[in-house]
Amino acid sequence: MDPSWSETGDRYLLKLFRDYLFHQVSDTGAPWIDLSHVMQTLNKLDAASPEQVCLVSRDEQSVVVVSYERLKNCLQAAFSELLDASRAAAAATAGPAPEAFEGGQGVG
């Protein structure tokens, strides 16, 4: 795993948000998923709602109140970082461009 994806800053907020979205439990402690909760939450995230949500760590030692707008910005920044890293890795491993071949149409 990438050490920069740790429990700090924006990435920690995304981790807590993922848990809020998908790791709900019932009153008895059993795993529980409410699809209406998932859909409403994702809609608020997509709309960058200024509404705030309370995110709690699994050990219940950390509580963070954050807006969906801030969460969307965090998600977009993290996605951009992953996309940039992917493009850089692809460029580093790519072979010669097709124009490098004789006549621009390959050897044949």
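Q: What makes the backbone oxygen of tyrosine 20 and a polar atom of the side chain of histidine 37 count as a polar contact?
A: The two atoms lie 3.1 Å apart, and a polar contact is a pair of N or O atoms within 3.5 Å, of which, within protein, one must be able to donate a hydrogen and the other to accept it, while residues adjacent in sequence count only if both atoms are side-chain atoms. The distance of 3.1 Å is within that limit, so the pair is counted as a polar contact.

Q: What kind of model is this, and how are its residues numbered?
A: This is a predicted model, in which local features need pLDDT of at least 70 and side-chain atom pairs count only at pLDDT 80 or more, whereas totals for chains, interfaces and linings use all residues. Residues are numbered from 1 along each chain as its sequence is written, and side-chain values use heavy atoms, with hydrogens and water left out.

Q: Why is histidine 37 called buried or exposed?
A: Histidine 37, which lies in helix α2, has a relative accessible area of 16%, and buried means under 20%, exposed over 50% and partly exposed in between (1.4 Å probe, protein chains only). Histidine 37 is therefore buried. Leaving aside neighbours within four places in sequence, histidine 37 is in contact (heavy atoms within 4.5 Å) with Tyr20, Leu21 and Gln24.

Q: How do you know how many helices and strands the protein chain has?
A: Helices (H or I, at least four residues) and strands (E, at least two) are DSSP runs, numbered from the N terminus, and on that basis the protein chain has 3 helices and 4 strands. Read along the sequence, these elements follow the pattern α-β-β-α-β-β-α.

Q: What makes glutamate 81 and arginine 11 a salt bridge?
A: A salt bridge is a side-chain nitrogen of Lys or Arg within 4 Å of a carboxyl oxygen of Asp or Glu, and the closest N and O atoms of glutamate 81 and arginine 11 are 2.0 Å apart, so this pair meets the rule. The pair links distant parts of the chain, with glutamate 81 in helix α3 and arginine 11 in helix α1, 70 residues apart. Arginine 11 is buried, because its relative accessible area is 17%, whereas glutamate 81 counts as partly exposed, because its value is 42%. Side chains of opposite charge can pair when their charged atoms come close.

Q: How do you know that arginine 58 and aspartate 19 link distant parts of the chain?
A: Their side chains meet in a salt bridge at 3.0 Å, N to O, with arginine 58 in the loop between β3 and β4 and aspartate 19 in helix α1, 39 residues apart. Arginine 58 counts as exposed because its relative accessibility is 58%, while aspartate 19 is buried because its relative accessible area is 7%.

Q: Which other side chain meets glutamate 51 in a salt bridge?
A: Lysine 44 does, at 3.0 Å from N to O. Glutamate 51 is partly exposed, because its relative accessible area is 38%, and lysine 44 also counts as partly exposed, at 26%. Elsewhere, salt bridges that share partners join Arg18, Asp19 and Arg58 into one network, and the total count of salt bridges comes to 5.

Q: What makes the largest nonpolar core, and which residues have the most contacts inside it?
A: A nonpolar core is a set of buried Ala, Val, Leu, Ile, Met, Phe, Trp, Tyr and Cys residues joined through side-chain atoms within 4.5 Å. The largest such core has 15 residues, and those with the most contacts inside it are Phe17, Val53, Leu55, Val66, Tyr68 and Leu71. Helices α1, α2 and α3 and strand β3 each supply at least two residues of this core, and α1 gives the most, with 6 residues. Tyrosine 68 touches residues including Phe17, Leu45 and Val53, not counting those up to four places away in sequence.

Q: Why is serine 67 called buried or exposed?
A: Serine 67, which lies in strand β4, is buried because its relative accessible area is 13%. Its side chain reaches the backbone nitrogen of arginine 70 at 3.0 Å. Leaving aside neighbours within four places in sequence, serine 67 is in contact with Ser49, Pro50, Glu51 and Gln52.

Q: Why is phenylalanine 22 called buried, partly exposed or exposed?
A: Phenylalanine 22, found in helix α1, counts as partly exposed because its relative accessibility is 40%. Across the protein chain of 108 residues, 21% count as buried.
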